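Let's take a walk through this protein together, starting from the inside and working outwards. Keep the 3D view open as you read.

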Amino acid sequence: MSTECSSYYNTDGVFVEAFSCPKPGSAAFAIYCCGFNDVKYCCDDPNSFFPYEYGYMWWLSVGALVGLSIAAVVLLAFLITVCVLCYLFIATKPSRLDNGLPLRAPGRKDVSSLDVISDTVSSGNSMVQMPSCKS
């Protein structure tokens, strides 16, 4: 059994004549025509696309796995850091609202706003009165 590889132009633009597989002087089991439009060769697997050994593909796969593993570890470290920071943010919040310092001068009597409103309402004035500061 033999297969015919059609003629083609290679990547350098050189015309390559048609040939039949197996080629004289090559392996007798390479009976299929394999390859692309710009490189054709005889092989033993009709589904083969590359005229190279598969060893280099193994190293590419190992490299991809190592790269993906490193990326996964970095992502996991980032997520753990975010969770820890969120926990610390929530855990260190004050339990009650801090109103700050009172806004009155030291030594003066504190007059509540309810007293001013009740004085205004009882006097019948429509304007709000300001408390007087008596020493």
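In this predicted model, the largest nonpolar core is made of six residues: C5, Y8, F19, C21, A30 and C42. Try clicking on F19 and looking at its surroundings. Leaving out residues up to four places away in sequence, F19 touches T3, E4, C5, Y8, K40, Y41 and C42. Among these partners, C5, Y8 and C42 are fellow members of the core. F19 also has a charge for company: the charged end of K23 sits over the F19 ring, 4.2 Å from the ring centre.

Now zoom out for the overall layout. The protein has six strands and two helices. Starting at the N terminus, the order is β-β-β-β-β-β-α-α. There are 135 residues, of which 10% count as buried. The exposed surface comes to about 11,800 Å², and carbon and sulfur atoms supply 65% of that. What share of the contacts with a separation of 6 or more comes from residues 24 or more positions apart? That share is 20%.

Next, the cysteines. How many disulfides does the protein have? The count comes to three, and here they are:

| Disulfide | S to S distance |
|---|---|
| C5 to C33 | 1.8 Å |
| C21 to C42 | 2.0 Å |
| C34 to C43 | 1.7 Å |

Let's go through them in turn. C5 sits in strand 1 (residues 3-5) and C33 in strand 5, so their bond ties together parts of the chain that are 28 residues apart in sequence. The torsion about this S-S bond is about 130 degrees, which means the disulfide of C5 and C33 is right-handed. Its two ends have different surroundings: C5 counts as buried because its relative accessibility is 0%, while C33 is partly exposed, with a relative accessible area of 26%.

The disulfide of C21 and C42 links distant parts of the chain as well. C21 belongs to strand 4 and C42 to strand 6 (residues 40-43), and the two are 21 residues apart. With -80 degrees about the S-S bond, this link is left-handed. Are C21 and C42 buried or exposed? Both of them are buried.

As for C34 and C43, C34 counts as buried at 4% relative accessibility, and C43 is buried too, with a relative accessible area of 7%. If you count the bonded cysteines along the chain, the disulfides follow the pattern 1-3, 2-5, 4-6.

Two more cysteines deserve a look. Why is there no bond between C83 and C86? The sulfur of C83 has its closest cysteine sulfur in C86, but that is 6.6 Å away, so it is too far for a bond. C86 is in no disulfide. At 54% relative accessibility, C83 counts as exposed, whereas C86, at 43%, counts as partly exposed.

One last stop is S26, in the loop between strand 4 (19-21) and strand 5 (32-35). S26 is partly exposed, with a relative accessible area of 37%. How far apart in space are S26 and C42, C-alpha to C-alpha? They are 8.7 Å apart, with their positions 16 residues apart in sequence counted as the separation.

How values were computed. Residues are numbered from 1 along each chain as its sequence is written. This is a predicted model: local features need pLDDT of at least 70, side-chain atom pairs count only at pLDDT 80 or more; totals for chains, interfaces and linings use all residues. Side-chain values use heavy atoms; hydrogens and water are left out. Helices (H or I, at least four residues) and strands (E, at least two) are DSSP runs, numbered from the N terminus. Buried means under 20% relative accessible area, exposed over 50%, partly exposed in between (1.4 Å probe, protein chains only). Contact means heavy atoms within 4.5 Å. Accessible areas come from the Shrake-Rupley method with a 1.4 Å probe; for residues, only the protein chains shown count as cover. A charge sits over a ring if NZ of Lys or CZ of Arg is within 6 Å of the ring centre and within 35 degrees of the ring normal. A nonpolar core is a set of buried Ala, Val, Leu, Ile, Met, Phe, Trp, Tyr and Cys residues joined through side-chain atoms within 4.5 Å. A disulfide is a pair of cysteine sulfur atoms within 2.5 Å.
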